[in-house]
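Good morning, and thank you for coming. I should like to take you through one model today, beginning with a single residue and ending with the open and enclosed spaces. Please keep the display in view as I speak.

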Amino acid sequence: MTTAAQRGTTTVSDKAVRKIAERAAAEALADRGATAVHGVAKGSAGVRGWRADVAVDVALPYPAPLAETVRSLQEHVGARTRQLTGLDVARPRVGVTALTPLPADSVAATAQKGTPARVPTTATSGTRTPRRRWSQRRLPMTLVTLTAAVAAGALAFDMVMVHTAHRPAAAWRTGILHWMAGHGPGEPGVVVGSGLVAVLGLLLVVLALTPGHRGLLTVDCDARLGAAVDRRAVAALVRDAVAATAGIDAVTVRVRRRRVAVRARLAFGDRTTARDEAREAARRTLEDCSLRRPPRLRVAVRPQPSWDPATTPAPDGGDTSGVQPTRTVPEGANP
């Protein structure tokens, strides 16, 4: 009988798990009618023993229920990766990098199937979706860890060589000690070095206490999903919705963490009506994004230099400027 040591060990690399997760995400998007434009931007995976941490960043189709799409995508990626690798994939992380419109035929097919109703997740899961998505701060942590490891390793190696091999202390260590012994706390070099260390420590404290990812807005869904949408994608959706308003020619949208500013130029039509319709279109788009913290909306509509409030488009595409509106005169009254 072959023992366990003789049978060998199967190791699945991080690269293989990443490719499997990206492929699984592409399969899930294809099932929802997404085209080649809606795909996986990038993925990452880390294998530790029998456990794998998987993350994928995708561009989702729009219009589509964002929370339900992310939830089904996460379930498919986790199940498919677990099936093909045999590893334990606890919670795949899904990041939404962009929202791109679906073709007309795909939108019609989705409408025939029906859009599932949005179910509140806070009552079922017992947890709340965080307002901000926290960054892992990989680059600062890597730099700090490498610096500390190099400094501690060099000092430990020099100490070992001094006590075991009876060698003299390294020149860099004795030079630092002599310089520190000959310079007081009031000298410029000491003050500048202390200031740099204090600024570095303050920066690390700020990085540890702030969430980061300022360009991402958290989606209101199951807290286990960790879904977020890029602010540029939200700006593009709002801009397209406002641009579809009658009379609006040019639209500029600026999305911040707590407010959305829309500036539009009016080519024709009533200014008040156009502003109300643009505000309603932007409001509906923000509601469809299902953001955890809905931003404040501000819409400003300014007429263009060639704007004429009496010029409106005719049903056949012609111009009705200069046409006098009809007036109804009651019976018995002088016209």
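Setting aside residues up to four places away in sequence, W50 touches G86, L87 and D88. Please bear in mind from the outset that this is a predicted model. W50 belongs to the loop that runs between β1 (40-48) and β2 (51-62). Is W50 buried or exposed? Its relative accessibility is 67%, and because exposed means over 50%, W50 counts as exposed. There is also a spatial relation with T11: the two residues are 39 apart in sequence, and their C-alpha atoms are 9.4 Å apart in space.

Let me now give the overall figures. The protein contains 10 helices and 9 strands. Of its 335 residues, 29% are buried. The protein exposes about 21600 Å², and carbon and sulfur atoms supply 58% of that area. As for the contacts between residues at least 6 apart in sequence, 67% of them join residues at least 24 apart.

I turn next to the interior. The largest nonpolar core has 47 residues. Which residues have the most contacts inside it? They are L60, L99 and V229. Two of these names return when we look at L99 itself: outside its neighbours within four places in sequence, L99 is in contact with L60 and V229, and also with Y62, L66, A233 and L237.

Helix α10 offers two further views of the interior. T285 lies in this helix, which spans residues 271-288. T285 has a relative accessibility of 6%, and therefore counts as buried, the limit being under 20%. Beyond four places in sequence, the contacts of T285 are Y62, L237, V238 and A241. Y62 and L237 are thus found among the contacts of T285 and among those of L99.

A281 is also placed in helix α10. At 8% relative accessibility, A281 is likewise counted as buried. A281 touches A241 and T245, again not counting residues up to four places away in sequence. A241 is therefore a contact that we have met already, in the list for T285. The C-alpha atoms of A281 and V238 are separated by 7.7 Å, although the two residues are 43 apart along the chain.

We come now to a loop on the exposed side of the ledger. H166 is located between α6 (138-164) and α7 (171-182). What is the sign of phi at H166? Phi is near 55 degrees, a positive value in a residue other than glycine. As background, most residues other than glycine have a negative phi. H166 has a relative accessible area of 68%, and is exposed. R167 is found in the loop between α6 and α7 as well. With a relative accessible area of 52%, R167 is exposed too. Its contacts, leaving aside neighbours within four places in sequence, are M161 and V162.

The last topic is empty space. Rolling a probe the size of a water molecule over the atoms shows where such space is left. How many cavities of 30 Å³ or more does the structure hold? It holds 2. The second largest cavity has about 30 Å³ of space. Its lining is made up of P61, Y62, A64, L66, L99, D288 and C289. By class, that lining comprises 6 nonpolar residues, no polar residue and 1 charged residue. Y62 and L66, which line this cavity together with L99, are also contacts of L99.

The second largest pocket has about 380 Å³ of space. It is lined by 16 residues, and those nearest its centre are R254, A261, V262, R263 and R298. Three elements give two or more residues to this lining: β7 (248-255), β8 (259-268) and β9 (296-308). Which of them provides the largest share? It is β9, with 6 residues. In composition, the lining of this pocket has 7 nonpolar residues, 1 polar residue and 8 charged residues. For the second largest cavity, by comparison, the count of charged residues was 1.

That concludes the presentation, and I shall be glad to take questions.

Key: Residues are numbered from 1 along each chain as its sequence is written. This is a predicted model: local features need pLDDT of at least 70, side-chain atom pairs count only at pLDDT 80 or more; totals for chains, interfaces and linings use all residues. Side-chain values use heavy atoms; hydrogens and water are left out. On a 1 Å grid over the protein atoms alone, a cavity is a set of points where a 1.4 Å probe fits but cannot get out, and a pocket is an open set with protein on both sides within 12 Å along at least five of seven lines; lining residues have an atom within 4 Å of a point. Grid points are joined across faces, edges and corners, and a volume is the space filled by probe spheres set on the points. Helices (H or I, at least four residues) and strands (E, at least two) are DSSP runs, numbered from the N terminus. Ala, Val, Leu, Ile, Met, Phe, Trp, Tyr, Cys and Pro count as nonpolar, Asp, Glu, Lys and Arg as charged, and the others, Gly among them, as polar. A nonpolar core is a set of buried Ala, Val, Leu, Ile, Met, Phe, Trp, Tyr and Cys residues joined through side-chain atoms within 4.5 Å. Buried means under 20% relative accessible area, exposed over 50%, partly exposed in between (1.4 Å probe, protein chains only). Contact means heavy atoms within 4.5 Å. Accessible areas come from the Shrake-Rupley method with a 1.4 Å probe; for residues, only the protein chains shown count as cover.
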